[in-house]
Structures are given as structure tokens and as C-alpha cells.
Amino acid sequence: MSEAMWGGRFTKTTDEMINEFQASIGFDKRMYHEDIAGSIAHATMLAKAGIISVDDKDKIIAGLKDILAQIENGEFDFSVDLEDIHMNIEKRLTDAIGEAGGRLHTARSRNDQVALDTHMYVRRQVVEVQKEIQNLQQALVETAEKYGDVIMPGYTHLQRAQPILFAHHLMAYFGMLSRDFARFEGVYKRADIMPLGAGALAGTTFPIDREFVAKQLNFEAIYNNSLDAVSDRDYIMEFLSAASILMVHLSRLSEETILWCSREFSFVELDDAHCTGSSMMPQKKNPDVSELVRGKTGRVIGHLMAMLTTVKGLPLAYNKDLQEDKEGIFDAIDTVKFSLAVYAQLIRGMKVRKEVMMTAVAEDFSNATDLADYLVKKGMPFRQAHAVSGTAVHNCIAQGKYLKDMTLEEFKELSPLFEADIQEAISPETCVKNRNSFGGTSYQQVELQLKAAKELLAAEHKICDAAEKVQVNVQ
């Protein structure tokens with residue numbers, strides 16, 4: 001067993017089982033790049049402030065870059081005995097360059113070091129998630145344009161309500177995703193605050209230059225309270241909250257996709273590449289991607305609940321409980337990015353059955369509102385027109401037919417205001433075309449939505465490009 005790098009006060013080594021229980025290296029090793037970048041900035045600052053020599057600084061930086069190469073080449077063996085990514089790297093550095101490596105941790109605690117790593121990691125991953133959101137948004141726009149003339153039933157209470165464009169339905173999800181993108185902008189802002197220099201909880205006696213380190217690591221702001229710096233996990237809770245809302249949106253889309261590709265609906269057919277079959281029933285084509293995304297939504301929500309529960313009773317400042325922040329957010333990041341990526345593929349690959357959707361619209365009473373609106377435009381009060389339309393629906397159901405099957409004489413029996421243009425007025429195409437209020441389902445309004453969507457995508461690209469440029473990459 002390796003000697004602990006904090007073991008001077010102890011007369012016994014830590015029990016092996018306890019070592020394994022408290023070690024985080026199994027999951028926090030993914031932050032190696034952030035840890036090394038932070039240490040390089042810290043060492044550079046220590047030398048600038050005259051706290052360590054320039055020679056020691058140069059040895060530290062060269063050693064850290066060698067360790068980075070070893071990790072990326074799969075040549076670095078991580079040790080559970082060294083607990084976490086910070087101690088694994090520092091021990092390897094000290095073994096490689098001697099005393100200079102032992103000076104790296106001057107004016108720094110693992111408390112502010114891990115906070116720095118996590119801030120930088122979340123900041124980087126926010127941009128990766130936003131890029132995946134954009135990819136799915138782009139897939140929705142492409143598919144909406146591809147099937148721009150397809151009319152489908154719109155639903156309330158999962159009952160057919162009014163005819164809408166399929167593109168209009170897809171663009172509703174675009175809107176949800178645009179809010180998700182904006183929420184992650186807020187997460188980025190809260191992650192873009194530098195904690196390093198807070199020490200264990202109270203700052204340090206050394207003349208450090210936190211502004212210099214923040215500039216080196218491209219942080220927009222610095223924590224102005226050391227207790228807050230080492231104990232704040234708001235940005236992680238915010239990430240998990242934004243991720244949970246995003247997954248809820250994907251889960252709603254999943255539910256609809258599952259319904260649409262069922263035999264009962266048959267509105268769409270998913271690509272074979274995004275489905276599986278049954279080991280017993282040869283006819284089956286199962287929408288596994290949609291079902292898995294729907295299922296994984298609960299997993300991400302669970303990580304949010306776990307983090308909220310972990311933090312709710314913690315006194316200031318750092319507590320070991322906060323180690324629980326990482327597994328949840330790491331898994332949430334992986335789950336969200338993968339779910340977005342596979343959904344973009346699914347949307348691009350699915351085939352829309354235009355004729356089936358049109359038949360569904362034609363063989364229902366989703367044009368009943370338009371029947372009432374027709375009478376209102378002729379001067380009848382809406383409540384009276386609503387009652388006339390309801391009577392027409394009732395009569396049709398009793399006779400086993402639809403509004404489109406009624407004769408002009410039958411309409412006139414209900415109201416003399418009906419004219420020969422009534423059938424044209426309640427056709428699905430007219431129902432869609434006439435809903436031209438801002439944000440409505442008309443062809444014109446959906447075109448405006450698509451135009452606005454493309455403009456928003458261009459703006460989102462600029463935001464991601466700008467955020468990518470400030471990410472710290474060790475050369």
C-alpha cells in the first residue's frame with residue numbers, strides 16, 4: 001500500500017476497505033485534463049508571485065505534460081490507494097521530478113482543487129451538450145422541411161382535436177430544445193466562476209494572484225468568499241436540473257414516437273437501424289431507442305434528486321459528502337449526450353406516412369371547430385355556433401358518417417347560414433391554412449417558424465463557438 005500524501009498526522013494506515021470506500025479515482029479520473037491544466041496555471045502563478053522558483057515551475061509544467069501524454073496514451077496506472085485524480089497525478093509528478101513536485105500544492109487544498117476541476121469539466125461539458133442539442137434541433141428542422149405539406153391530427157387529452165401540420169408538431173419540440181439550450185447557458189455562467197485560491201476554506205497566507213490564474217484558465221469571474229468557493233455545488237444542481245428538463249422533453253417525444261410507430265397509429269416507420277426484433281415473435285419491430293430514452297429520463301431525474309438531498313443539510317464548508325456530486329453528473333452528462341445524438345439519428349431516419357395521417361384527419365371530427373368558426377364569420381355568436389356544430393357531430397355519429405359526408409341540405413337544416421362553400425371551409429387543408437395567427441399551424445406560420453429556427457441555430461452556433469474558444473487545452 002502506498003503511503004498517503006496526507007498521512008503525517010496519522011499513526012495507522014487507512015483500512016483497505018475504507019480506502020476503497022472513500023476513493024473516487026474510479027470515476028474522477030475523467031477530469032485529468034482539467035486537473036493538469038489547473039495545476040499548470042497554479043504553478044505558473046506561484047512562480048510569478050515568487051512563491052516557487054522559475055526552475056521548479058518549469059520542471060512541474062514539463063512533468064505534468066509528460067503525465068498528460070501518459071494518460072492519453074493509456075500508459076498511466078491509477079491507484080485506489082491514492083484516492084483521487086489529484087493525488088494520483090501529484091504522486092507521479094513527485095516521483096518523476098523530485099522536490100519540485102512537492103512544491104506544486106503550495107497555497108492550495110484538494111478542496112479548492114477539486115472544485116476547480118469540476119467547474120472546468122462542467123463548463124466544457126455544457127458546450128458539448130449544447131452542440132448535441134443543436135444537432136437534434138437541426139434534425140427537426142430538416143425533417144419538418146422534408147414533410148412540410150403533411151397534415152396530421154393534433155391532440156388534446158390524446159383525443160383528436162384539430163388538423164395541424166406535422167412540421168408544426170416537430171417545431172414544438174424545437175422550441176422546447178431552444179429553451180433547454182438557454183438553460184444550459186445559465187449553467188455555463190454559474191460554472192464560469194473560479195474557486196482556486198480559496199484553500200481548504202479560509203484562503204491562504206501566501207501572496208497568490210487569483211486574478212492571474214483566472215485569466216490563465218479563462219474564467220469570467222472569481223468567488224469572493226472562500227467558504228462559498230469550496231462548498232458551492234449550485235452549478236452541478238443546475239446542470240442536473242437543466243438535464244432533467246431536457247430529458248423530460250425527449251421522453252415526451254419518445255412517448256409520441258412510440259405511439260406513432262405502433263400498428264394502431266402507423267403514422268411513421270422507424271429505420272431498422274434504430275429498432276430491434278423479438279426473440280420469440282418474428283413480426284415485431286420494437287422502438288428501443290425511444291423506450292430507452294424514456295426510461296433513462298428517470299435516471300437523470302434521480303441524479304438531481306440525489307444531489308439536492310446530499311447538499312440540503314451540509315454545514316459550511318467542505319464535507320466528504322460532496323464527493324457524491326461526481327458520479328451523478330458524470331452519468332447524467334453521458335446519458336444526455338448519447339440520448340440527444342441517437343435521437344437526431346432517429347428523427348433523420350424515420351419515414352412519415354402522409355396518406356395514413358391524412359386518412360386519420362379526414363375520418364374524424366377535428367374540423368368541428370372550423371364548422372363553428374364558419375358560422376361565426378357569418379354573424380352567429382360563437383356559443384350558438386358551437387351548439388350547432390355539436391349537433392352536426394351528434395347527428396353524424398348517429399348515422400355513422402363524418403362532417404365531410406353531410407349534404408348541403410343537411411347543413412341548412414341546422415342553420416340557413418350554411419352555403420355551398422361549407423365543405424371547402426372544413427377540409428383539412430383549409431383548416432390548416434386558415435390558422436394563420438402568429439405561432440399557428442398554417443403553412444405561412446410554419447414557414448416563419450422554420451426561418452426563425454434557422455436564425456436561432458446560427459446564433460446558438462456562435463455561442464458554442466465562443467465558449468469553445470475559451471476552453472483551456474494543455475499544449
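I began with the surface of this predicted model, and found that the protein exposes about 22,600 Å², of which carbon and sulfur atoms supply 52%. I then looked up burial, and noted that 50% of the 475 residues of the protein count as buried.

For the overall dimensions, I compared the radius of gyration with the globule rule: the protein has 30 Å, whereas a compact globule of 475 residues would have a value near 23 Å. I also took the extent of the C-alpha trace along its principal axes, which comes to about 100 × 50 × 40 Å.

I next turned to the division into domains, and recorded domain 1 as 16-106, domain 2 as the segments 111-150 + 164-206 + 219-353 + 448-470, and domain 3 as 365-434. Taken over C-alpha atoms, the centres of domain 1 and domain 3 are separated by 76 Å.

On secondary structure, I noted 20 helices and six strands for the protein. Looking at contacts with a separation of 6 or more, I found that residues 24 or more positions apart account for 75% of them.

Finally I searched the surface for nonpolar patches, and wrote down one formed by Leu201, Leu227 and Leu316, which together have about 270 Å² of accessible area. I followed Leu316 further, and placed this residue in the loop between helix H12 (288-311) and helix H13 (325-349). Leu316 counts as exposed because its relative accessibility is 62%, and the cut-off for that class is over 50%.

Notes: Residues numbered from 1 in each chain as written. Predicted model: local features only at pLDDT ≥ 70, side-chain atom pairs only at ≥ 80, totals over all residues. Heavy atoms only, no water. Patch = residues over 30% accessible without salt bridge, like charges linked within 9 Å, V, L, I, M, F, W, Y side chains within 5 Å. Areas by Shrake-Rupley, 256 points an atom, 1.4 Å probe, with all protein chains shown as cover. Salt bridge = Lys/Arg side-chain N within 4 Å of Asp/Glu carboxyl O. Helix = DSSP H or I, 4+ residues; strand = E, 2+ residues; numbered from the N terminus. Buried < 20%, exposed > 50% of the residue type's maximum accessible area, 1.4 Å probe, protein only. Rg over C-alpha atoms; globule rule 2.2 N^0.38 Å. Contact = heavy atoms within 4.5 Å. Domains from an automatic or database assignment.
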